[in-house]
Amino acid sequence: MLLEELRRRYDLWMTQLLWDSPAGYTATLVLGHGAGAAMDSSGMNDAARVIASRGIRVARFEFAYMAGRREGIRKPPPRADTLLGEYRDVVAVVAADTDGPLFIGGRSMGGRVASMVVDELHAAGTVAGLVCLGYPFHPPGKLDQLRTAHLEKLASPALIVQGTRDEFGTRDEVSGYALSPTIELVWLEDGDHGLRPRKAVSGFTYAQHLETMGDAVAEWVRRRGA
């Protein structure tokens with residue numbers, strides 16, 4: 001076990017953290033990437049930029065399988081429960097460089113993995129809560145394969161920002177789930193899994209939804225981290 005832990009930490013240090021650090025930030029958010037998009041993908045860049053503009057420092061990282069792709073090592077995304085150790089290690093590194101409140105979360109799979117470790121880290125006083133951008137409640141088209149069992153008993157404060165037509169969990173679908181009362185949901189009208197709406201249908205633009213997301217995250221972090 002010790003050798004395995006040392007190897008994980010070595011892999012972490014070999015993976016560059018990507019920081020968005022506004023002057024005078026009031027909190028820090030660790031943001032994990034989705035299953036198929038790297039930490040510097042357009043969606044992650046957009047989310048980090050907007051959140052940082054609200055005075056929240058954002059720390060992005062890559063799971064080892066994704067970092068390996070930069071070296072030409074193509075591996076499919078592993079099961080979410082096999083990535084918990086990597087996420088814990090990232091939090092330990094960021095927490096050592098953080099004075100104010102620390103939050104964890106991510107886009108899609110990154111948020112799901114964070115949701116699986118947040119209770120233990122919150123109970124230990126390491127993190128103040130969870131922020132998910134587009135939670136993958138189920139695989140697209142597979143409504144019977146729910147990923148919500150742990151969310152029913154979640155004890156930590158959590159915010160999920162979700163598009164109403166997200167193929168991983170629409171508003172109509174999620175409204176029937178038995179989620180913990182500690183979870184707050186913010187719905188973006190006609191947004192897909194990347195929070196993008198169809199302007200002709202909804203009247204909203206992607207830029208507007210990003211701003212709404214940023215405002216929601218900032219207001220929630222202020223309440224939870226003050």
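Biologist: What radius of gyration does the chain have, and what value would a compact globule with 226 residues have?
Modeller: The model is a predicted one. With 226 residues, a compact globule would have a radius of gyration near 17 Å. The chain agrees with that expectation, because its own value is 17 Å.

Biologist: What box do the C-alpha atoms of the chain fill along the principal axes?
Modeller: The secondary structure placed in this box consists of eight helices and seven strands. Taken along the principal axes, the box filled by the C-alpha atoms is roughly 50 × 40 × 35 Å.

Biologist: What percentage of the residues in the chain is buried?
Modeller: A residue counts as buried at under 20% relative accessible area. The chain exposes about 10,600 Å², with carbon and sulfur atoms supplying 53% of that area. Of the 226 residues, the buried part is 51%.

Biologist: Among contacts with a separation of 6 or more, what share comes from residues 24 or more positions apart?
Modeller: One pair that is distant in sequence is glycine 214 and alanine 47, which are 167 residues apart and have C-alpha atoms 7.8 Å apart. For the chain, the share of such contacts from residues 24 or more positions apart is 74%.

Biologist: Which residues have the most contacts inside the largest nonpolar core?
Modeller: In soluble globular proteins, nonpolar side chains tend to be buried together. The largest nonpolar core here has 37 residues. Elements giving two or more residues to this core include helices H3, H4 and H5 and strands E4, E5 and E6. The residues with the most contacts inside the core are Val30, Phe63, Tyr87, Ile104, Val113, Leu130 and Phe137.

Biologist: Which residues does valine 30 contact, leaving aside its neighbours within four places in sequence?
Modeller: Valine 30 is itself among the residues with the most contacts inside the largest core. Its contacts beyond those neighbours are Ala59, Phe61, Tyr87, Val90, Val94, Leu102, Phe103, Ile104 and Gly105.

Biologist: How many residues does the other core have?
Modeller: This core lies apart from the largest one, and Ala47, Ile56, Leu133 and Val221 are among its residues. Its number of residues is 25.

Biologist: What distance does H4 reach from its first C-alpha to its last?
Modeller: The buried residues of H4 are Leu84, Gly85, Tyr87, Asp89, Val90, Val91, Val93 and Val94. The helix has twelve residues, and at 1.5 Å a residue the expected span is 16 Å. The span in the model is close to this expectation, at 16 Å.

Biologist: Is valine 93 buried or exposed?
Modeller: Valine 93 lies in helix H4. Its C-alpha is 9.8 Å from that of leucine 17, a residue 76 positions away in sequence. Because its relative accessible area is 15%, and the limit for burial is under 20%, valine 93 is buried.

Biologist: Which elements are included in what covers the buried residues of H2?
Modeller: Helix H2 spans residues 42-52, and its buried residues are Met44, Asp46, Ala47, Ala48, Val50, Ile51 and Ala52. From H8, glycine 214 touches Val50 and Arg54, not counting residues up to four places away in sequence. Glycine 214 is buried, with a relative accessible area of 1%. The cover of the buried H2 residues includes E1, E2, E3, E4, E5 and H8.

Biologist: Which backbone nitrogen does the side chain of histidine 33 reach?
Modeller: Histidine 33 is placed in the loop between E2 and H2 and is buried, with a relative accessible area of 0%. Its contacts beyond four places in sequence include Met44, Phe61, Phe63, Tyr65 and Arg107. At 3.1 Å, its side chain reaches the backbone nitrogen of phenylalanine 63.

Biologist: What is the phi of serine 108?
Modeller: Serine 108 lies in the loop between E4 and H5. With 11% relative accessibility, serine 108 counts as buried. Its phi is positive in a residue other than glycine, near 50°.

Biologist: What is the phi of leucine 195?
Modeller: The position of leucine 195 is in the loop between strand E7 and H7. Leucine 195 is buried, with a relative accessible area of 4%. Although leucine 195 is not a glycine, its phi is positive, at about 70°.

Biologist: Which backbone nitrogen does the side chain of serine 202 reach?
Modeller: Serine 202 is found in helix H7. Not counting residues up to four places away in sequence, serine 202 touches Glu189, Asp190 and Pro197. At 3.1 Å, its side chain reaches the backbone nitrogen of phenylalanine 204.

Technical notes:
Residues are numbered from 1 along each chain as its sequence is written. This is a predicted model: local features need pLDDT of at least 70, side-chain atom pairs count only at pLDDT 80 or more; totals for chains, interfaces and linings use all residues. Side-chain values use heavy atoms; hydrogens and water are left out. A nonpolar core is a set of buried Ala, Val, Leu, Ile, Met, Phe, Trp, Tyr and Cys residues joined through side-chain atoms within 4.5 Å. Buried means under 20% relative accessible area, exposed over 50%, partly exposed in between (1.4 Å probe, protein chains only). Helices (H or I, at least four residues) and strands (E, at least two) are DSSP runs, numbered from the N terminus. Contact means heavy atoms within 4.5 Å. The expected span of a helix is 1.5 Å times one less than its number of residues. A polar contact is a pair of N or O atoms within 3.5 Å; within protein, one must be able to donate a hydrogen and the other to accept it, and residues adjacent in sequence count only if both atoms are side-chain atoms. The radius of gyration is taken over C-alpha atoms; the globule rule is 2.2 Å times the number of residues to the power 0.38. Accessible areas come from the Shrake-Rupley method with a 1.4 Å probe; for residues, only the protein chains shown count as cover.
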